[in-house]
Every structure is written in C-alpha cells, then in structure tokens.
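Subject: Handover of a structure and the findings on it

Dear colleague,

Please find below the structure that I am handing over to you. The findings follow directly after it.

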Amino acid sequence: MRGMKIYEARRARDKFAMVLYCGAAVLGIVWLLFILFALVRSGVGGLSLTVFTQNTPPPGSAGGLLNAIVGSLIMTAVGVAIGAPIGLLAGTYLAEYGRGSVLASTVRFINDILLSAPSIVIGLFVYEIMVAPMGHFSGISGAIALAIIVIPVVLRTTEDMLLLVPGALREAGTALGMTRALVINKVAYRAAKAGLVTGMLLAVARVSGETAPLLFTALNNQFFDANLNEPMPSLPVVIYQFALSPYKDWQKLAWAGALLITFAVLALSIFARVLGSRKAAQ
Amino acid sequence: MWEGHYALLQDHDVQSNVREHKSEQTALADPALKIGQMAYAGSSRRAQVLRAFKLRDHIFHGVTFTAAVGVLIILGGVIVSLVQGSMPAIRTFGFGFLAAKTWNPVTGHFGALPAIYGTLVTSIVAIIIAVPIGLGIAVFLTELCPQALKRPVGIAVELLAGIPSIIYGIWGLFVFAPFLQQYVQPYLISLFGPVPGLSALFAGPPYGIGFLTSGFILAIMVLPYIASISRDVFETVPPVLKEAAYGVGCTTSEVVGKVVLPYARVGVIGGIMLALGRALGETMAVTFVIGNSHNISASLFAPGTTISASIANEFTEATSSLYTASLIELGLILFVITFIVLAAARLMLMRIERKAQV
C-alpha cells in the first residue's frame, strides 16, 4: 500500500515537472511572438514609400529614413569588408597551421571572450584610437568599430567549418605536390564554402543591429552624406534617438525603422541557418 | 605526370594552369617529346616556379599568423587605450572611484558605485528569471520534444538571440514597461509588501521603468544563450546513463534531476556565466528602461543606472575631460568584470567539452 502511494506521488511530481518544462518552452515562443506582434502593430503604421525616399526630418515635419538606411548599409558593408578577411585568415591559422599550439589556443580563448564582450567598450576603444586623434566623429570609425565586432564572429565560424573538412582531402592535395597555401586555398576553402558564407551572413546580421559602438564613433547626421570622413547616420542610432524623443512622428519613424531592421536581421539569420544546415546535412 | 610538369613550366598560376592543361591535352600528341625539347631551358624556370610557390606559401602562412596575432593585439589595444583614456580620472580619484556614490558633473565629483550596483542588480535579476526558464526549455528540447517540433522550437528560441538589442529597448519602453507597471508591479507590491525583508525589495511606487524592468528584459535577451548551451551540454550526457536510470524505474523528471543535471553541471554553470557576461555588458535595451539616475536603492522598482547605460547616455554630452575620463574608467571596469566572468565561463565549458571527447 505504502509503495503505491510513493509511486503515485512520484508520478504526480513527474507530471508537474513536465508541465513546467513545456511551459518554459511555450513561454520562450510566446515572448518572441509578443515582441514581433508589437513591432508589426506599431511599425506598419509608420511604413510608407516616403520612409525609403526621404531623409530624417526635423521634429514636426514629414520625412523618412533614407539617409539612415544608406548609412547603415555603407558602414555595415565597409565593416564587414574590413573585418571578414581578418577573421577568415585568423580562423584559417587556428584550423590549419596552429592546431594544438599554445598561440592558437590562446587566440581561440581570447576570441571567445571578444565574441561576448560588451560592444559599448569597443565603441570606447575606437573613440580613443580614432575619433579623439582625428578630432571629429566619422563614418569610417563607425565602420572600424563594426569590423572589430565582425572579426570574432567570422573567426569562430571559419575555424569550425575548416575543422569539418576531412583531413583526407588535404592529404590528397598534398600528395599531388600542392603547397600548404594551395591546399588551403584550392581544397579546404572550397569544401567549406557554404559554411564560410554562413559565418559572414551571421556577422552581417549581428552588426547591422548594433547601436552601442556607433553612438560615439559615427554619431549621427541629419543629411544624406556618403562621405566616410563625416559623421554618418545609421538606422539603430536613429531609432535610439527618435524613440526617446517626445515627438510622436519621430517615435512613429523609430517603430518603422525597428520593424525594418528586425525583419532584415531575422531574414538574414534564417537564410544563413538554412544555408548552414543544408551543408551540414550533406 | 609529364603533362603535369609541362603545364607547371608554362604558367606560374596553378589555376590557369589546370585550365590550359585541359585544353592542350588534345593538342599535345606526345608530351614527352615536348618536355625533352624544353628540358634544357626548363630546369631553371622550373626551379623559379617552385621558388615562387614556396614564397607564396610562406607569405600566406605569415598573413594568417598576423591575423591571428591581430586578435590578441585588439585585446591588448582595448585594455591599453581604456587605461590611457581613464588616466585623468584614475589620478584624481584613485581607488575611491569604485566606492564613491556621488556622480555630479557640475562639481566634477564622480563615483562608480551606483553604476556598478545597477549593473550587478539588473544582471542578477536577469539570471534568476532566465535560468529556470532556460533550463526548462533545454530539458523540453532534449528529453520531451517530439522530433517534428525540435527544429521550429529551437529556431524560435535562437531567433530571440538574433533580435538586435535596440529592439528590446524600444519594445521594453513602450510595451513591456507599461504592462509591468499596470499589472505586475502592483501585484508584487501586494504580494510581498507584508513580508518582512522582502518588502524593501518591492517598495515604492511602480514607475514601470527601473531595475526590475531592466532585469526582465535582460532575462529575455540571455534566455536563448542559457537554453541553447544547456541543450548542447545535455546532449553530451551518455545515453547509457539515462537508460540505466530509466531501467531502474526513474521517471523523466527524476532522470533529469538526478542524472542529466549532475552530469552536465559544469557546462550548465558555464552557460549561465556566459549569459551573465552578456547581461552585464548589455547596453541599449537597458538604457531605454533603467531610468538613468545615479542612485542606489534597495527597491527593485526604483530607477537607477548601469555602467553601459551611463556611458551610452552621457558620453557625447560629457563636457569636461575629467567627465569623459570617468566614463572611460567605467568602461574599463565593465570590461574587466565581463572579462573575468566570460573567462571563467569558457574554462568551464572547455572542461565539459574535454569530458565529452573522452
């Protein structure tokens, strides 16, 4: 009799725990939907053609986000163009040359920390090395700040992807008399291509939403200006400024911008994941 | 083989080489003959080509090596430049900066304590909320979830990690804070108000913004890290251990509590530390909802500030060099704290990886 009671109590406790586990999963999904729903509800009203054709307005007049969108695109492109090759080469060193070496494991360790380091500190760093010496805010320092965030992301995925390439492929290349550099360039990179592209896409997704490192490097700019030596607007910084302003039409634009950036980033990361997982499945 | 050498002689670039080699394959009736003709002039060119290959190999090695060392240089550069930038503040305030409570730009007195306090409190609140939920999701994904649901749920949770932090900020300020203010905070006040000890934590008028709201938002942001790392760690638990537990009649929750969690403990703690590192340094989401006032209050409903929010808010407005230097020193403190936390997290995760490989 007593045994049955204990058994039933255990069963009941198990049921209760199951409910909690499922509840946690539901909660996670509900939160995501909650955020997306709020974004769509508040953002769609602000979306119109003028968002893409006009510059950010002074308070009280109509306008769009053109200069901010273009600024974001330019800085992201320049940042990835600078950061991705460095990350790619460093990741290559870790996976191809430095296996098991002390330097490689140190770099890997430091890189993992930089991967999660506060991005605002990167902003301060670039302010110290670029903005302060130059004497003014500029788009290029914003791009450099983004590049420093790109490097650890690309390094990590590059190393992981190159380690997945079977050693036999490299040995085959070496047996044909190819030098190490040739084996890496002609064999390893090609075998890992999809994975490497995934890493870059994830890096783009990561930096295109970054705000903190741009606040005091690229600053902001009310006007359309592709000059990297001038302060440059970006979508996240404009959202920050407009959302915290007391003006209703600025807040509306901020929501529209938030909607744009979220869906761009989510689409990119889903695309990257699909690309990555298709490769992994092969 | 001779064809290969012939092609090698023709061009320095292997790629165009291979192409050429293919197109000439039909044209060359007797490659050996040609090689014979070329042999005299070729031997020195061949050596030249091989030298070029070797040189390029060295250069490529050097470039990748430089890039790898570059990562270390970035870290060194961050530390050096932050120390240099905060020198005026360090000279003026010394270690007192860490313990001083005043933050007054007008009189030029700066102390880091309120910002450090806010950073720690919001992060701790975030971890307290996120850990049970994150672990729950991880258990759900590894032990309970039907195969068909695994990917969608996993992706949904990871998308939470992909949403830029500024979005959490704007959502937190306009949607979540009013919600908390209206429904959750009054309830918490009535629930904990009469409880001695806890009543101080939940005292004061519900502003909507403050430590608690920031903690909640941070919890949502770090949830995916805890969930996905715990899931990965749970998957390293040898199935045979779980099967043995089921075999002696354990229920699923007992297997989770007595086999999976103890086995994965170090990794889970590593994941939590990683999430803590993220929460400590998170800027934009917190800046929107923390309230930005340099005060220390026992109540979680009170507005406060964090290190990163102070920097984001005040840096471009800092008028004196001492003000700027104090903010940079705050950044340095933040970097040191997160560095220690993240390093500890990595060391723990490395331990579980090694365990999984054995």
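Arg156(A) has a relative accessible area of 26% and is therefore partly exposed. Please note that this value, like every other one in this message, was computed on a predicted model. The side chain of Arg156(A) forms a salt bridge with that of Asp160(A), at 3.8 Å from N to O. Both residues belong to helix 6 of chain A, where four residues, or about one turn of the helix, lie between one position and the other. Asp160(A) is likewise classed as partly exposed, its relative accessibility being 33%.

This pair is part of a wider arrangement. Asp112(A), Arg156(A), Asp160(A) and Arg346(B) are joined in a network of salt bridges. Within that network, Asp112(A) pairs with Arg346(B) of the other chain, and their closest N and O atoms are 3.9 Å apart. As general background, side chains of opposite charge can pair when their charged atoms come close.

Helix 6 of chain A also takes part in a second pairing, through Glu159(A). The side chains of Glu159(A) and Arg108(A) form a salt bridge with an N to O distance of 2.8 Å. This salt bridge connects distant parts of the chain, since Glu159(A) sits in helix 6 (residues 139-164) and Arg108(A) in helix 4 (residues 102-116), 51 residues apart. How accessible are the two partners, Glu159(A) and Arg108(A)? Glu159(A) is buried, because its relative accessibility is 4%, under the 20% cut-off. Arg108(A) reaches 28% and is therefore partly exposed.

I turn next to the contact between the chains. Chain B and chain A bury about 7200 Å² between them, and 81% of this area comes from carbon and sulfur atoms. The contact involves 80 residues of chain B and 82 residues of chain A. How many salt bridges are counted between chain B and chain A? The count is three, while the structure holds eleven over all chains. Six residue pairs are in polar contact across this interface, with both residues at pLDDT 80 or more. On the side of chain B that touches chain A, helix 3 (residues 31-93) of chain B supplies the largest share, namely 20 residues. By class, that side of chain B consists of 53 nonpolar, 20 polar and seven charged residues.

One of the salt bridges between the chains joins Arg10(A) and Glu254(B), at 2.8 Å from N to O. Arg10(A) lies in helix 1 (residues 2-44) of chain A, and its partner Glu254(B) lies in helix 11 (residues 252-281) of chain B. With a relative accessible area of 11%, Glu254(B) is buried. Arg10(A), in turn, is partly exposed because its relative accessibility is 23%.

Another point of contact with chain B is Thr179(A). Thr179(A) is placed in the loop that runs between helix 7 (167-175) and helix 8 (180-191) of chain A. Leaving aside residues up to four places away in sequence, Thr179(A) touches Phe53(B) and Asp57(B). Thr179(A) is separated from Gly46(A) by 133 residues in sequence and by 57 Å in space, from C-alpha to C-alpha.

Gly46(A) leads to the last topic, the domains of chain A. The domain assignment divides chain A into domain 1 (2-46) and domain 2 (49-281). Taken over C-alpha atoms, the centres of these domains of chain A are 34 Å apart. Nine residues from domain 1 and nine residues from domain 2 make up the contact. The two domains bury about 730 Å² between them, with 83% of it on carbon and sulfur atoms. Which residues of domain 1 lose the most area to domain 2? They are Leu39(A), Ser42(A) and Gly46(A), which together account for 57% of what the domain 1 side buries. No salt bridges are counted between domain 1 and domain 2 of chain A, and the count of residue pairs in polar contact, both at pLDDT 80 or more, is zero. The residues of domain 1 that touch domain 2 divide into five nonpolar and four polar, with no charged residues.

Yours sincerely,

A colleague

Key:
Residues are numbered from 1 along each chain as its sequence is written. Chains are lettered from A and ligands numbered from 1 in the order in which they are written. This is a predicted model: local features need pLDDT of at least 70, side-chain atom pairs count only at pLDDT 80 or more; totals for chains, interfaces and linings use all residues. Side-chain values use heavy atoms; hydrogens and water are left out. Domain bounds come from an automatic or database domain assignment. Contact means heavy atoms within 4.5 Å. Buried area is the accessible area (1.4 Å probe) that two parts lose on being put together, summed over both. A salt bridge is a side-chain nitrogen of Lys or Arg within 4 Å of a carboxyl oxygen of Asp or Glu. A polar contact is a pair of N or O atoms within 3.5 Å; within protein, one must be able to donate a hydrogen and the other to accept it, and residues adjacent in sequence count only if both atoms are side-chain atoms. Ala, Val, Leu, Ile, Met, Phe, Trp, Tyr, Cys and Pro count as nonpolar, Asp, Glu, Lys and Arg as charged, and the others, Gly among them, as polar. Helices (H or I, at least four residues) and strands (E, at least two) are DSSP runs, numbered from the N terminus. Buried means under 20% relative accessible area, exposed over 50%, partly exposed in between (1.4 Å probe, protein chains only).
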